[in-house]
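These are my notebook entries on one structure. I set out to look up its pocket, its nonpolar cores and its cysteines.

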Amino acid sequence: NVTEAQKQSEAAKINEKLVQWRLNPDSFSQLLTKSTEFAQNLKSVTLPPGFSGKDIEVLTKLLSHIVFSARTKNNPLFVKDFVSQTGLTLEKDLALSVLGKAAGSAPVPLENLKVSLLKLSEVLSQAFQDTTKLEPVITTKLMELVSFASEAVKTVESRQAMSVVYQQNENGLYLQIPLALGETFRQADIFITPDDKNAPGSKKFASCSVKIFLDMDYLGEITIEAALHEGRIRCLIQCETEDIRQVVEDASDRLREALSGICYSVDHVDCLRSSDLRQKRMEF
């Protein structure tokens with residue numbers, strides 16, 4: 001895709017991925033509900049040469065490390081690691097490499113979800129070259145692995161396309177981070193838009209607006225709007241019921257302390273009750 005000269009074809013491919021994302025914007029969290037079964041199947045079959053036990057270990061670890069959970073929440077670089085470990089930056093770095101502009105840039109991490117899944121897909125295609133030698137149970141497990149890997153690659157690529165288009169149109173950042181809530185997976189949609197889109201380098205995000213849409217199990221739909229201006233921050237949190245608004249209000253002092261602990265000056269944190277937050281998320 002990167003070396004292709006026809007811009008029209010490139011735009012068509014990006015549009016195709018955007019359509020996939022719009023048809024099911026929650027597909028990432030839905031996919032991860034199948035990850036435990038996928039990992040079990042992966043360890044229960046003998047794969048052809050090319051995907052070793054270490055490769056299996058790397059892939060299963062990646063599936064857990066890209067989820068914000070009790071295990072990963074204490075990682076101060078979780079968001080940065082999420083981007084690289086998912087493979088969202090791969091095409092950008094590859095493009096720079098092709099154009100000869102990669103000098104001094106960070107190398108593409110070899111262990112990321114997209115690369116691992118593509119490698120697995122290649123090995124599985126070899127396994128299916130002669131299915132007569134496979135037992136029916138093994139064949140079924142391999143087909144389930146193929147289905148998961150294919151769906152997962154499409155899911156990652158659709159988010160790559162969405163991220164690229166949001167950067168091009170808004171000069172901002174868009175992340176969709178899976179959340180582990182008990183036995184279920186939900187997600188956080190995070191949109192970060194700089195106030196000055198033409199500011200150079202890191203100054204671009206010194207003043208910005210952040211919009212976060214959360215789909216929680218107990219708390220339900222929550223929308224967070226934050227404005228950041230040169231170290232000062234103000235925050236508006238919206239919930240759908242008065243009971244939940246009170247729960248969030250009671251915890252807001254902890255949020256103020258946490259923000260102050262990383263050197264932000266907190267102007268105010270307000271909690272309001274609002275209806276139809278899911279519809280507003282979809283419209284946004």
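Entry 1, the pocket. In this predicted model, I listed the elements that each supply at least two residues to the lining of the largest pocket: α5 (78-86), β1 (173-181), β2 (184-194), β3 (207-215), β4 (221-229), β5 (232-239) and α9 (242-261). The largest share comes from α9, with eight residues. I noted a volume of about 2000 Å³ for this pocket. Its lining has 38 residues, and F68, I190, I212, I224 and L255 are the closest to the centre. I then sorted the lining by type and found 33 nonpolar, three polar and two charged residues.

Entry 2, the cores. I looked up the largest nonpolar core, which has 55 residues; L47, F82, L120 and I237 have the most contacts inside it. Helix α8 (residues 136-170) gives the most to this core, namely seven residues. Another core, of nine residues, lies apart from it and includes A161, M162, V165 and Y174. I also followed F82: beyond its neighbours within four places in sequence, F82 is in contact with F28, I66, L88, L175, Q176, I177 and P178. As a general point, I recorded that nonpolar side chains in soluble globular proteins tend to be buried together.

Entry 3, the cysteines. How many disulfides does the count come to? I obtained zero. For C271, I looked up the closest cysteine sulfur, which is in C239. The two sulfurs are 6.2 Å apart, whereas a disulfide requires them to be within 2.5 Å, so this pair is too far apart for a bond. Finally, I compared exposure: C271 is buried, with a relative accessible area of 6%, while C263 is exposed, at 68%.

Definitions and conventions: Residues are numbered from 1 along each chain as its sequence is written. This is a predicted model: local features need pLDDT of at least 70, side-chain atom pairs count only at pLDDT 80 or more; totals for chains, interfaces and linings use all residues. Side-chain values use heavy atoms; hydrogens and water are left out. Buried means under 20% relative accessible area, exposed over 50%, partly exposed in between (1.4 Å probe, protein chains only). A nonpolar core is a set of buried Ala, Val, Leu, Ile, Met, Phe, Trp, Tyr and Cys residues joined through side-chain atoms within 4.5 Å. Helices (H or I, at least four residues) and strands (E, at least two) are DSSP runs, numbered from the N terminus. Contact means heavy atoms within 4.5 Å. On a 1 Å grid over the protein atoms alone, a cavity is a set of points where a 1.4 Å probe fits but cannot get out, and a pocket is an open set with protein on both sides within 12 Å along at least five of seven lines; lining residues have an atom within 4 Å of a point. Grid points are joined across faces, edges and corners, and a volume is the space filled by probe spheres set on the points. Ala, Val, Leu, Ile, Met, Phe, Trp, Tyr, Cys and Pro count as nonpolar, Asp, Glu, Lys and Arg as charged, and the others, Gly among them, as polar.
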